[in-house]
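Q: Could you take a close look at one part of this model for me? I would like to follow a single strand and see what surrounds it.

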Amino acid sequence: MREPWIVGVSGASGTPYAKAVLTALLDAGESVDLVVSRAARLTLLDETGATVRDVHWKDDVAAWLGRDLGDLAYWPAGDLAAGPSSGSYPARGMAVVPASTAACAGIAIGLSKDLLQRAAEVNLKERRRTVIVPRETPVTRSHLEHLIALHDAGAVVLPASPGFYGSGAGATAQQLIDFVAGKVLDALGVPHTLFRRWTGDLGEGRA
């Protein structure tokens, strides 16, 4: 039985993080279900020039990722009858990357205004691994309260905060993106080689 990871892309800035996570999951041979919110389409277009259209999703997503899609399925964000909207749909877990403050709030209070929010709520209620990657700064008290609610519901709250110990102050943008993507895969329990791990030796990443 196919048991995919669900990846939800919301409208926050940070679509390169989503691309890195999707690419790494596919490189690892994992099955993936993709949900792109309406707001995320605008952000994706602004940040990358890429479009994701429901009717032409195969060509659009392949062009965005720059690769073969492997075992990737796509669900329109407005399709609340889609597989991931039900707890009986087999899934290993879900990552919302990047997660806007609106998506965090909707998931935290069970709003289910679109498939992304509904799928995340389902994964939480089914006690599956659920990783939320907020990308917003600074944050308000309400943002923090929603993140605490998500934590208490069982989600891993993983802010898009890259570390520099693997590549130093001269790290490229892609290295910083891959660091965050690697932490997402760590939280999902999927092996990867996206960044150099800390070993206790100062400066090793720059040797």
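A: Happy to! One cut-off first: a residue counts as buried when its relative accessible area is under 20%, as exposed when that area is over 50%, and as partly exposed in between. Please keep in mind that this is a predicted model.

Let's settle on strand S2, residues 32-36. Five of the five residues of S2 are buried, so the strand is largely enclosed by the rest of the structure. Both of its faces are covered: Val 32, Leu 34 and Val 36 are buried on one side, and Asp 33 and Val 35 are buried on the other.

Asp 33 is a good place to begin. Its relative accessibility is 0%, which is under 20%, so Asp 33 counts as buried. The side chain of Asp 33 meets that of Arg 2 in a salt bridge, at 2.8 Å from N to O. This pair links distant parts of the chain, since Arg 2 sits in the segment before S1 and Asp 33 in strand S2, 31 residues apart. Arg 2 itself is partly exposed, with a relative accessible area of 30%. Arg 2 also forms a salt bridge with Asp 71, where the closest N and O atoms are 2.9 Å apart. That second pair again spans distant parts of the chain: Asp 71 is in the loop between helix H3 (57-65) and strand S3 (72-74), 69 residues from Arg 2. Asp 71 counts as partly exposed, at 35% relative accessibility. Through shared partners, salt bridges join Arg 2, Asp 33 and Asp 71 into one network.

On the same side of the strand as Asp 33 we find Val 35, which is buried with a relative accessible area of 0%. Not counting residues up to four places away in sequence, Val 35 touches Ile 6, Val 7, Gly 8, Val 9, Trp 75, Ala 77, Leu 115 and Leu 116. Val 35 and Ser 10 are 25 residues apart in sequence, with their C-alpha atoms 8.6 Å apart in space.

Now for the strands alongside. S2 pairs with S1 in the parallel sense over five bridges, and Val 7 stands opposite Leu 34 in S2. S1 (residues 5-9) is in turn joined to S4 by four bridges, also parallel, with Val 96 in S4 as the bridge partner of Gly 8. S4 (residues 93-99) is mostly covered, as seven of its seven residues are buried. Five bridges then join S4 to the parallel strand S5, residues 129-134, where Pro 134 stands opposite Ala 99.

Finally, the nonpolar packing. Leu 34 of S2 is, with Leu 25 and Leu 72, among the residues with the most contacts inside the largest nonpolar core, which has 38 residues. Helix H1 (residues 15-27) gives the largest share of this core, eight residues. A second, separate core of 21 residues includes Ile 6, Val 96, Ala 99 and Leu 116. Back in the 38-residue core, Leu 25 touches Val 32 of S2, along with residues including Trp 5, Val 7 and Leu 185. In soluble globular proteins, nonpolar side chains tend to be buried together.

How values were computed. Residues numbered from 1 in each chain as written. Predicted model: local features only at pLDDT ≥ 70, side-chain atom pairs only at ≥ 80, totals over all residues. Heavy atoms only, no water. Buried < 20%, exposed > 50% of the residue type's maximum accessible area, 1.4 Å probe, protein only. Helix = DSSP H or I, 4+ residues; strand = E, 2+ residues; numbered from the N terminus. Pairing = 2+ DSSP bridges. Core = buried A, V, L, I, M, F, W, Y, C linked by side-chain atoms within 4.5 Å. Contact = heavy atoms within 4.5 Å. Salt bridge = Lys/Arg side-chain N within 4 Å of Asp/Glu carboxyl O.
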